[in-house]
Amino acid sequence: MTNNTAILQEHINNMWLDYLNLTPDAKPIHKLFDELNDNIINDHIALRTFNLSKTSIDNIANPFIQQGYQYADSYEFPQKKLLAKYFIHPDSSLPKVFISELITEEFSQEIQDIITSLVEQVDATEVSKLNFCYSGRPWDISLKQYDILNAKSEYASWVAAHGYRPNHFTILVNSLTSHKNLASLNDFLIKQGFTLNSSGGLIKGTKDQLLEQSSTNAKKIRVQFTDGDKEIPGCYYEFALRYPQNNGDLYQGFVASSADKIFESTSNN
Ligand code: NI
């Protein structure tokens with residue numbers, strides 16, 4: 001184990017503990033699989049941000065890069081006005097880090113002004129630290145601002161309300177002995193009473209695309225705003241089944257059309 005790995009594992013563990021506070025389903029689901037399996041691998045952690053220079057993907061990624069993560073690939077989501085990049089670590093025991101950002105300039109001046117007013121409150125030196133990505137909301141926001149953002153972009157309102165916290169963790173289904181495919185895993189979770197994201201079908205992606213994904217729907221949690229509180233979607237748990245490429249190694253990338261639907265796991269509807 002390298003020094004990087006030890007440092008990163010400590011932060012990833014802290015991220016997991018923070019994530020549990022926003023994801024009522026995560027602990028019971030993890031426990032269910034933990035009882036049935038020897039080893040559960042975390043495929044990737046997802047983070048969300050705004051693309052203003054201070055909080056850009058590259059700035060959020062930088063503390064991970066400093067600990068050995070490397071840029072792997074990027075994806076565009078034109079309908080949702082998002083860009084995403086993912087990063088991998090040479091130590092394959094560490095999860096991939098998938099970071100998306102809202103392309104703010106594609107929204108109205110009103111939306112841009114709200115987001116600018118939030119990001120202005122961020123301390124740039126904090127962004128450069130590894131614990132920033134689970135430090136919570138670094139700005140004040142009112143319910144009115146939240147509602148304005150939510151009407152135009154569920155993603156914008158999620159970032160505005162929660163700030164910098166892991167959006168989801170992901171069980172690598174290949175690491176499970178209890179469930180070998182997503183259909184049986186999804187059935188199992190539904191029978192246990194969990195609600196899954198059905199946007200685009202329960203299973204996103206195909207064997208031909210080398211990646212199949214499903215996820216829970218984020219449960220609502222109560223969040224405090226400057227002028228009151230409101231129950232809004234928290235975070236979700238994702239499940240990924242990867243298929244081997246021609247060289248025999250499991251595909252490590254993502255599928256934009258699937259991720260587009262997975263983003264809707266934090267939808268209000
Ligand atoms: Ni994901």
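1. In this predicted model, the nickel ion has three protein donors, namely His44 through NE2, His168 through NE2 and Glu238 through OE, and these lie 2.1 to 2.2 Å from the ion. Written along the sequence, the spacing of the donor residues is H-x123-H-x69-E. The two histidines come from distant parts of the chain, since His44 belongs to strand β1 and His168 to strand β5 (residues 168-172), with their positions 124 residues apart. Both His44 and His168 are buried. When looking for the site in the structure, a reader can therefore start from strands β1 and β5, which carry these two histidines.

2. The strands just mentioned belong to an open sheet of seven strands, whose order is β2-β3-β4-β1-β5-β9-β6 and whose pairing is mixed. Strands β2 and β6 (211-215) stand at the edges with a single partner strand each, so one side of each is left without a neighbour in the sheet. From one strand to the next, the twist averages 20°.

3. Strand β9 (residues 236-242) deserves a closer look. Seven of its seven residues are buried, so β9 is largely enclosed by the rest of the structure. In a regular strand, side chains alternate between the two faces of the sheet. In β9, Tyr236, Glu238, Ala240 and Arg242 point one way, while Tyr237, Phe239 and Leu241 point the other way, and all of these residues are buried. One of the residues in the group with Tyr236 is Glu238, and Glu238 is also a donor of the nickel ion.

4. The two neighbours of β9 in the sheet order are β5 and β6. Strands β5 and β9 run parallel and are joined by five bridges, and within this pair the bridge partner of Phe169 is Tyr237 of β9. Strands β6 and β9, by contrast, run antiparallel and are likewise joined by five bridges, with Phe239 of β9 as the bridge partner of Ser214.

5. Which residues of β1 and β4 meet in a salt bridge? The side chains of Lys96 and Asp43 do so, with a distance of 3.1 Å from N to O. Lys96 lies in strand β4 (residues 96-102) and Asp43 in strand β1 (residues 42-50), so the pair ties together parts that are 53 residues apart in sequence. Both Lys96 and Asp43 are buried. Salt bridges that share partners also join Asp43, Lys96 and Arg242 into one network, and Arg242 is one of the buried residues of β9 described above.

6. A second salt bridge connects a strand with a helix: the side chains of Lys85 and Asp58 meet at 3.0 Å, taken from N to O. Lys85 sits in strand β3 (residues 82-88) and Asp58 in helix α3 (residues 57-66), so this pair too links distant parts of the chain, 27 residues apart. Are the two partners buried or exposed? Lys85 is buried, with a relative accessible area of 17%, whereas Asp58 counts as partly exposed at 44%.

7. The surroundings of this second pair can be described further. Helix α3 lies across β1, β2, β3 and β4, and runs at about 10° to β3. Strand β3 is itself joined to β4 by six bridges, and these two strands run antiparallel. Lys85 takes part in this pairing, as its bridge partner in β4 is Ile99.

8. A third salt bridge is formed by the side chains of Arg222 and Asp229, at 2.9 Å from N to O. Arg222 is exposed, with a relative accessible area of 53%, and Asp229 is partly exposed, with a value of 36%. The full count for the model comes to twelve salt bridges, and the pairs described in this note are among them.

9. Finally, Gln67 lies in the loop between α3 and β2 (70-77). What places this loop residue in the buried class? Gln67 counts as buried because its relative accessibility is 17%, and the cut-off for this class is under 20%. The side chain of Gln67 makes a polar contact with the side chain of Asn4 at 2.9 Å. Leaving aside residues up to four places away in sequence, Gln67 touches Asn4, Ile7, Leu8, His89 and Leu130.

Technical notes
Residues are numbered from 1 along each chain as its sequence is written. This is a predicted model: local features need pLDDT of at least 70, side-chain atom pairs count only at pLDDT 80 or more; totals for chains, interfaces and linings use all residues. Side-chain values use heavy atoms; hydrogens and water are left out. A salt bridge is a side-chain nitrogen of Lys or Arg within 4 Å of a carboxyl oxygen of Asp or Glu. Helices (H or I, at least four residues) and strands (E, at least two) are DSSP runs, numbered from the N terminus. Buried means under 20% relative accessible area, exposed over 50%, partly exposed in between (1.4 Å probe, protein chains only). A polar contact is a pair of N or O atoms within 3.5 Å; within protein, one must be able to donate a hydrogen and the other to accept it, and residues adjacent in sequence count only if both atoms are side-chain atoms. Contact means heavy atoms within 4.5 Å. Donors are N, O and S atoms within 2.8 Å of the metal (3.2 Å for Na, K and Ca); water is not among the atoms, so sites may look incomplete. Two strands pair if DSSP finds at least two bridges between them. Axes are lines fitted to C-alpha atoms, for helices over the stretch in contact, and angles run from 0 to 180 degrees between N-to-C directions.
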